[in-house]
Amino acid sequence: MAGQKKYLLLPNITADKIKNLLKSGKRSDGRGLTDYRKLTVEVGTVPKAEGSALVKLGESYVIAGIKVDLGTPFPDTPDKGVLVVNAEVLPVASFYAEPGPPDEDAIELSRVIDRGVRESEMIDLSKLVLIPGQKVYTVFADVSVLNVDGNLFDAASYAVVSALSQARIPEYAVDGQGNIEATGNRIPLPITTLPISVTTAKIGDSLLVDPTGEEEAIMDARLTLTCDEEGHFCAGQKGGAGTFTKNELLRIAEIAREKSEEIRAQLRAMIQVAKGYT
Amino acid sequence: MSLIDEIGKRVDGRALDELRPVRLEVGILPNADGSAYIEMGKNKIMAAVYGPRQVHPRHISQSENAILRVRYHMSPFSTDTRKNPAPSRREIEISKVIKEALQPALLLEDYPRTAIDVYLEVLQSDGGSRCACITAASLALADAGINMSDMVVACAAGKADGKLILDLSDQEDKEGQADMPVAWMPNLDQITLLQLDGKLTQQEFAQALNLALSGCSKLYEMQKDALRKRYFGASEATSEAIE
């Protein structure tokens, strides 16, 4: 059972300012309700990793690294590679972050990113098998939050997606006797789509995308929806102690579809998606 | 293997928009301040509420309101292969989303400096155990006499063989294309939990939401019945007379 989370303590005067501005459809940093903060992606930040990406979304900084190992598949999916997503909020990231094992928020963060990558079938895991039931590629996507300023779900998800799509993993080959050897080549992961997560927060009656740390401190609830390239929703997660009406959810779904296309185009321009993998 | 046959029946014989058999009981654990038991399909789940009570450690208490703590736990014997009894990442996440699904209904400001603990033990698991837990937890909280602005009910909708279905079984969850658990406060008409695993179009998302809410409405009637039975020892017929 988790203890109490440490909240960003927001002075009442700041909270009131944010809420008053929202009444006239404005945000304290001048953005519109459906505007994202500036997004930058730098890939290949950590050359020792098979793939890596440093994402900055406003002042939320997140770095993701991909490492690949050989391992055994799960018994119920003998013909699929393994994907492991893990997220941590490092103690460097905020006044409130502490060293130690991931708390419930970090676990939720990793599981929501994982859901987006897995359910969109971003990586064709069936192509990561060397010997069915015995040897498969295990892809580890580890993501570390370096600076917290809200909307970690989206920032961390973009970092993982960027790092995965530009990763070059060591190629292995199986000979006639079933021996596995590295060929010395590096190959891209079998990428099928770029899933994009869009987080919308609710403050009072306002719906706004990409909440900052201050906005998150006073939000009633949030909904993260991840969209694939065909416009399907493939993962969703509501958070926070507040509620949504049905109409609000339908509006958020509409926002998420639109914004995901916009962000995907931005990401694509900043990374090179692996192509031509067979 | 197909999950829906040519006449639109599911593997367990249900129609697409039909709930699994549900059994609800309130006040089944003598020591707890409030308790409930739910069977939903093969799910068998106990919910116990302790509190409002003194918080340990004291420093995590809050001066303006009670803190709500939720533990969702699966018994080692609840699954096909033994589940390690240590809390998994899945259980930690589910505990968190259940807490956030229940919290909007609770008037925590009525109990400053205390804790309300909700313990959910899945004795046997099937699909949709988090939804069953929320429905049972809400009954246990009501049984504990905690001030609430509404009940909370939860039910999943999803997609199998290209069709939208209500209240997914374990098999439909694993082999189907999407699973979307939804929790709802029926009188305030507010949604307190929404998760999605699997692919839905925007139109299907809206339809699945409606379907899940229709399941929630049915469950809410059963919840009311279970509470009437506990407190008036009456079946629906007599309890209507009381109203």
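**Entry 1: a salt bridge between strands of chain B**

I began with Arg53(B), which is partly exposed, with a relative accessible area of 33%. I keep in mind throughout that this is a predicted model. The partner of Arg53(B) in a salt bridge is Asp117(B), and the closest N and O atoms of the two are 2.6 Å apart. I then placed both residues: Asp117(B) belongs to strand 5 (residues 114-124) of chain B and Arg53(B) to strand 3, so the pair ties together parts that are 64 residues apart in sequence. Unlike the partly exposed arginine, Asp117(B) has a relative accessible area of 0% and is buried.

**Entry 2: cis peptide bonds in chain B**

Next I looked up the peptide bonds around strand 3 of chain B, and I noted that Gly51(B) and Pro52(B) are joined by a cis bond whose omega is about 0°. Pro52(B) lies within strand 3 itself, which covers residues 43-54. A second cis bond runs from His56(B) to Pro57(B), with omega near -10°, and here Pro57(B) sits in the loop between strand 3 and strand 4 (67-74) of chain B. I marked these bonds because most peptide bonds are trans.

**Entry 3: positive phi angles in chain B**

I went on to backbone angles, since most residues other than glycine have a negative phi. Asp161(B), not a glycine, has a positive phi of about 50°, and I found this aspartate in the loop between strand 6 (153-160) and strand 7 (163-166) of chain B. Asp167(B), also not a glycine, has a positive phi of about 55°, and its place is the loop between strand 7 and helix 3 (170-175) of chain B. I then asked of each aspartate whether it is buried or exposed: Asp161(B) is partly exposed at a relative accessible area of 33%, whereas Asp167(B), at 3%, counts as buried.

**Entry 4: two helices of chain B**

Helix 4 of chain B takes in residues 202-232, 31 residues in all, and I read a span of 45 Å from its first C-alpha to its last, close to the 45 Å expected at 1.5 Å a residue. After this helix comes Gly233(B), with a positive phi near 55°.

Helix 1 of chain B (residues 89-102) has 14 residues, and its 20 Å from first C-alpha to last is close to the 20 Å expected at 1.5 Å a residue. Eleven of these 14 residues are buried, so the helix is largely enclosed by the rest of the structure; among the buried residues are Glu91(B), Glu93(B), Lys96(B), Lys99(B) and Glu100(B).

Within helix 1 of chain B, I followed Lys96(B) to a salt bridge with Glu100(B), where the closest N and O atoms are 3.1 Å apart. These two residues are four apart in the helix and are therefore separated by about one helical turn. Lys96(B) is buried at a relative accessible area of 3%, and Glu100(B) is buried at 10%.

**Entry 5: the interface of chain A and chain B**

Lys96(B) also led me across to the other chain, as Asp105(A) forms a salt bridge with Lys96(B), the closest N and O atoms being 3.6 Å apart. I counted seven salt bridges between chain A and chain B, and 21 residue pairs in polar contact across their interface. On the side of chain A that touches chain B, strand 4 (82-89), helix 2 (104-119), strand 11 (221-227), strand 12 (233-239) and helix 5 (246-270) each supply at least two residues. Helix 2 gives the most to this side, with eight residues, and the residues of the side divide into 14 nonpolar, twelve polar and 14 charged.

For the interface as a whole, I noted 40 residues of chain A in contact with 38 residues of chain B, and a buried area of about 3400 Å², of which 56% is on carbon and sulfur atoms.

Returning to helix 2 of chain A, I looked up Asp114(A), which lies in that helix and is buried, with a relative accessible area of 16%. Leaving aside neighbours within four places in sequence, I found Asp114(A) in contact with Leu83(A) and Val85(A).

**Entry 6: a salt bridge within chain A**

Over all chains, the structure holds 40 salt bridges. One that I followed joins the side chains of Glu215(A) and Arg31(A), at 3.7 Å from N to O. Glu215(A) is in helix 4 (residues 213-218) of chain A and Arg31(A) in the loop between helix 1 (12-23) and strand 1 (39-43), so that distant parts of the chain, 184 residues apart, are linked. Glu215(A) counts as buried at 2% relative accessibility, and Arg31(A) is buried at 10%.

Technical notes:
Residues are numbered from 1 along each chain as its sequence is written. Chains are lettered from A and ligands numbered from 1 in the order in which they are written. This is a predicted model: local features need pLDDT of at least 70, side-chain atom pairs count only at pLDDT 80 or more; totals for chains, interfaces and linings use all residues. Side-chain values use heavy atoms; hydrogens and water are left out. Buried means under 20% relative accessible area, exposed over 50%, partly exposed in between (1.4 Å probe, protein chains only). The expected span of a helix is 1.5 Å times one less than its number of residues. Contact means heavy atoms within 4.5 Å. Buried area is the accessible area (1.4 Å probe) that two parts lose on being put together, summed over both. A salt bridge is a side-chain nitrogen of Lys or Arg within 4 Å of a carboxyl oxygen of Asp or Glu. A polar contact is a pair of N or O atoms within 3.5 Å; within protein, one must be able to donate a hydrogen and the other to accept it, and residues adjacent in sequence count only if both atoms are side-chain atoms. Ala, Val, Leu, Ile, Met, Phe, Trp, Tyr, Cys and Pro count as nonpolar, Asp, Glu, Lys and Arg as charged, and the others, Gly among them, as polar.
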